[in-house]
Amino acid sequence: MSALVWQRQILKRFLEGAASVDRIWRVHTGTMKHFLRMLIQVCLYFYCKFLWRCLKFVMRKLTGRCELQRICYNTKPGASRTMKIETSLRESKSKLLQTSVSVHPDAIEKTIEDIMELKKINPDINPQLGISLQACLLQIVGYRNLIADVEKLRREPYDSDNPQHEEMLLKLWKFLKPNTPLESRISKQWCEIGFQGDDPKTDFRGMGLLGLYNLQYFAERDATAAQQVLSDSLHPKCSKFSKAEWEKKRMDKAIGYSFAIVGINITDLAYNLLVSGALKTHFYNIAPEAPTLSHFQQTFCYLMHEFHKFWIEEDPMDIMEFNRVREKFRKRIIKQLQNPDMALCPHFAASEGLINM
């Protein structure tokens with residue numbers, strides 16, 4: 001009996017030892033994987049920091065041109081060129097080049113002269129280089145300044161005691177409902193254009209004045225289309241889709257949405273696309289110089305048009321699906337903007353004169 005107990009104890013200790021060895025092996029394997037990841041990261045760091053600089057040096061000796069020259073001469077104008085120039089300047093070891101992407105617009109010409117001197121490039125022999133660099137820097141600096149302008153509007157709250165704010169709000173009603181007078185400033189009528197209550201100021205909390213600016217721009221610059229989108233949002237089945245299209249898409253429910261609230265939400269989408277840098281592709285392709293607030297508002301109009309069509313095509317079960325539809329729409333826009341040749345080119349009144357500026 002004692003021999004049996006003794007054998008069981010030996011077997012138990014053997015199994016415990018095996019389990020310990022297995023744990024040690026797993027820890028060791030995990031440590032090795034972590035070490036290999038760290039080693040790869042270190043190698044990549046040294047490659048980017050040193051080998052890439054060596055490659056640039058070799059390329060300059062072989063071609064007789066610096067990286068900025070090679071980009072300007074070998075890449076077509078637009079987002080492809082400007083984004084490569086921006087990356088080259090930011091990653092340069094020269095302080096002058098690093099700070100050139102954030103200079104004041106009035107200092108761009110002087111900055112380019114300093115860059116040409118630093119790179120020992122004769123402007124008389126390479127006149128086109130200065131022109132190309134100037135166009136790129138105007139776009140880069142302009143995009144940075146546009147973010148600041150948009151952020152300023154977003155941070156400014158709607159103030160009902162400010163006559164300018166009140167005037168903009170009343171104009172929004174007038175543009176969207178030109179044949180229906182507003183009975184009073186505080187009124188349930190605001191729900192007719194998609195606000196949640198009898199006083200719209202509470203709906204502007206998230207996006208501040210930026211939401212109102214965008215809605216008014218859309219309603220004023222493209223009044224016919226804005227009124228049509230408003231009408232469709234209230235009565236989707238009265239939209240421009242034919243009966244055959246409705247039946248083909250099986251859109252029997254035709255759920256509407258709140259125009260103004262969705263406009264503020266799309267403003268948030270446009271804002272995040274701008275701040276994240278996703279809109280660089282679009283702006284660098286449509287604005288030959290610095291993108292402005294008008295370009296941003298024109299982009300908002302485009303997104304409103306596209307989201308309206310997307311909403312109807314998605315045919316959601318109810319308004320509770322809004323976040324799902326919005327996220328799907330956001331991913332589609334981001335995918336489009338990943339194409340360096342992409343420009344969100346709308347074809348409506350608000351965009352006239354902007355695409356070929």
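**Exercise 1. The surroundings of Ser 184**

In this predicted model, the side chain of Ser 184 reaches the backbone oxygen of Ile 186 at 2.7 Å. Determine where Ser 184 is placed and which residues it is in contact with, leaving aside its neighbours within four places in sequence.

*Solution.*
Step 1. Ser 184 belongs to the loop between α7 (163-176) and α8 (208-221).
Step 2. The relative accessible area of Ser 184 is 35%. Buried requires under 20% and exposed over 50%, so a value in between is classed as partly exposed.
Step 3. Once neighbours within four places are set aside, Ser 184 is in contact with Gln 189 and Trp 190.
Step 4. A C-alpha to C-alpha distance of 9.8 Å separates Ser 184 from Asp 198, and the two are 14 residues apart in sequence.

**Exercise 2. The faces of helix α7**

Identify the buried residues of α7 and state what they pack against.

*Solution.*
Step 1. Helix α7 has 14 residues and spans 20 Å from its first C-alpha to its last, close to the 20 Å expected at 1.5 Å a residue.
Step 2. The buried residues of α7 are His 165, Glu 166, Met 168, Leu 169, Leu 172, Trp 173 and Leu 176. They occupy an arc of only 160° around the axis, which means that they lie on the same side of α7.
Step 3. The spacing follows a general rule: an α-helix has 3.6 residues a turn, so residues three or four places apart point the same way.
Step 4. The partners of these buried residues are α8, α9 (223-234) and α11 (259-276).
Step 5. Pro 163 and Lys 174, on the other side of α7, are exposed.
Step 6. At the start of the helix, a side-chain oxygen of Asn 162 comes to within 2.9 Å of the backbone nitrogen of Gln 164.

**Exercise 3. The environment of His 282**

Is His 282 buried or exposed, and with which side chain does the side chain of His 282 make a polar contact?

*Solution.*
Step 1. His 282 is part of helix α12 (residues 280-286).
Step 2. With a relative accessible area of 0%, His 282 is buried.
Step 3. The polar contact is with the side chain of Thr 299, at 3.2 Å.
Step 4. Apart from neighbours within four places in sequence, the residues in contact with His 282 are Gln 298, Thr 299, Leu 337, Met 342, Ala 343 and Leu 344.

**Exercise 4. Two positive phi values**

For Lys 120 and Asp 315, give phi and decide whether each residue is buried or exposed.

*Solution.*
Step 1. Lys 120 has phi near 55°, a positive value in a residue other than glycine. Lys 120 sits in the loop between α5 (108-118) and α6 (127-155) and is exposed, at 75% relative accessibility.
Step 2. Asp 315, also a residue other than glycine, has a positive phi near 50°. Asp 315 is in the loop between α13 (293-314) and α14 (322-337); its relative accessible area of 12% makes it buried.

**Exercise 5. Cysteines and confidence**

How many disulfides does the structure hold, and where is the pLDDT below 50?

*Solution.*
Step 1. There are zero disulfides. Cys 191 is partly exposed at 33% relative accessible area, whereas Cys 301 is buried at 0%.
Step 2. The chain has a mean pLDDT of 82, with 75% of its residues at 70 or more.
Step 3. The pLDDT is below 50 over residues 246-251, a stretch with 16 contacts beyond near neighbours in sequence. It is also below 50 over residues 346-357, where the model has 28 such contacts.
Step 4. Where pLDDT is low, the predicted coordinates should not be read in detail.

How values were computed: Residues numbered from 1 in each chain as written. Predicted model: local features only at pLDDT ≥ 70, side-chain atom pairs only at ≥ 80, totals over all residues. Heavy atoms only, no water. Disulfide = S-S within 2.5 Å. Buried < 20%, exposed > 50% of the residue type's maximum accessible area, 1.4 Å probe, protein only. Helix = DSSP H or I, 4+ residues; strand = E, 2+ residues; numbered from the N terminus. Polar contact = N/O pair within 3.5 Å; in protein donor to acceptor, adjacent residues only side chain to side chain. Contact = heavy atoms within 4.5 Å. Expected span 1.5 Å × (residues − 1). Arc of directions from axis to C-beta. pLDDT = per-residue confidence, 0-100.
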